[in-house]
Amino acid sequence: MDLLEPVTQPYAWGSHTAIAELQGRPAPTPEPEAELWMGAHPSAPSGVARPGGRTTLDVLIAADPVGELGGPCAAEFGGRLPFLLKVLAAEKALSIQVHPSRGQAEAGFLAENERGLAPGDKSRNYVDDWPKPEILCALTPFEVLAGMRAPEDAAALLKELEVPALDPVTAILAGATGPQALTEALAAILAWPDGGRGALVDEVAAGCAAAAARGGPYAAACAAAVRVSGEHPGDLGAVASLLLRHAVLEPGDAVFMSAGGLHAYLHGTGVELLANSDNVVRAGLTPKHIDVPELLKLTDPAVVVPVLEPRPLGGGVFGYDSPVPEFRLYRAQLGGAEVELPGTGGPRIVLCIQGTAVLRAESGELTVDRGESSFLSAADGAVTATGQASVFIAATG
């Protein structure tokens, strides 16, 4: 068992307080802190302090993949830790984005390599050949756009805005015979002529402000679009956001994003667990590379993104069901009694978000305080936890 030294990502949409306060550092921070990475992703592997000196988790795993991951995991995922655990702290809206399936990622990565794009090229969509399904569990109320609305619902929302310029888009949705109309409507918005984009975003923001003030079933989504348009002036993503389902996750609730699910995280702090990839194809609300044709190709408008409640497993342990082999997320509410952590036989990462947890295995004992995380190797075997604490456990699926 090893304490990890996670990597903080200073993306512009991040919070100046959430991650620092979790780790017990002074806040607000000078720069935004958007994500805290715990894992072995090659672009930002967690540090590990060993008696022989500091190393990184990816180096440890590469030196002994069977011992660190277990034989089955090492064989299935090519000696690579299959998941990445994050704390995500969004002060502003993230990009509207979609993630590829494994087959799409492998094909896209190969194609960009054959085109001669360097590994760090900012125009890449595919930085590796892995899929990127993910689950986000709220630590605070977390506002999300997750999955696309039914066509008739999206048409009704757009009519509420009373923006004549959107009538052609509304007509596409109102005459829909299936979910593919959503992709057509999205394409129409994202292909808006350059000269009219600013005016459209302003008209839609004004229409949303009026709709939010009137109340009704679309008030929250419209209020969110107003905020997003303020954070990203002139960005068509604010208009496109209205085609997505709006929700606010309560602490402890989660959403699972499968391949093809269009989404954007708007505001809040949460724990995110995903396949060990950084493949993101974006359509707006970002200064990063945008590839609308590729996003439209990957987006599956029929993907449903339900809000997940934790499933009790006994002993204060809860599981979040996700139908992927790369990961499974658990939460344990420790109350003093010894609890065996799930995931024995494979790699695990434990993150303490409240209190202090004491982990025990045949190999020894490790104390994990609030904001700290630990890597448990397959060789550690069964691990128990005690203390007054709340912890998340990332394991394989």
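Which residues touch the most other members of the largest nonpolar core? Hi everyone, that is where I'd like to start today. Please keep in mind that we are looking at a predicted model.

The largest nonpolar core has 49 residues, and six of them touch the most other members: Leu 161, Leu 166, Leu 173, Leu 186, Val 204 and Leu 243. Let's pick Leu 161 and see what surrounds it. If we set aside the neighbours within four places in sequence, Leu 161 is in contact with Leu 166, Val 204, Gly 207, Cys 208, Ala 211, Cys 222 and Leu 242. Two names there may sound familiar, since Leu 166 and Val 204 are also on the list I began with. Apart from this core lies another one, made up of 39 residues, including Leu 4, Ala 40, Trp 130 and Ile 349.

Now let's turn to charge. Side chains of opposite charge can pair when their charged atoms come close. How many salt bridges does the structure hold? The count is 15, and I'll walk you through a few.

Take Asp 2 and Arg 50, whose side chains meet at 2.8 Å, N to O. Asp 2 belongs to strand β1, residues 2–5, while Arg 50 belongs to strand β4, residues 47–50, so this pair links distant parts of the chain, 48 residues apart. Are the two partners buried or exposed? Asp 2 is buried, because its relative accessible area of 10% falls under the 20% cut-off. Arg 50, at 31%, is partly exposed.

My second example is Glu 35 with Lys 86, a salt bridge at 3.1 Å, N to O. Glu 35 sits in strand β3, residues 35–38, and Lys 86 in strand β6, residues 83–90, so the pair ties together parts that are 51 residues apart in sequence. Here Glu 35 counts as buried, with 6% relative accessibility, and Lys 86 counts as buried too, with 2%.

For the third example, have a look at Arg 360 and Glu 365, whose side chains form a salt bridge at 3.0 Å, N to O. Arg 360 is partly exposed, with a relative accessible area of 32%. Glu 365 counts as exposed, because its 53% is over the 50% cut-off.

One last stop: which residues are joined into one network by salt bridges that share partners? They are Arg 311, Asp 321 and Arg 328. Try finding those three in the structure above. Thanks for listening!

Methods
Residues numbered from 1 in each chain as written. Predicted model: local features only at pLDDT ≥ 70, side-chain atom pairs only at ≥ 80, totals over all residues. Heavy atoms only, no water. Core = buried A, V, L, I, M, F, W, Y, C linked by side-chain atoms within 4.5 Å. Buried < 20%, exposed > 50% of the residue type's maximum accessible area, 1.4 Å probe, protein only. Contact = heavy atoms within 4.5 Å. Salt bridge = Lys/Arg side-chain N within 4 Å of Asp/Glu carboxyl O. Helix = DSSP H or I, 4+ residues; strand = E, 2+ residues; numbered from the N terminus.
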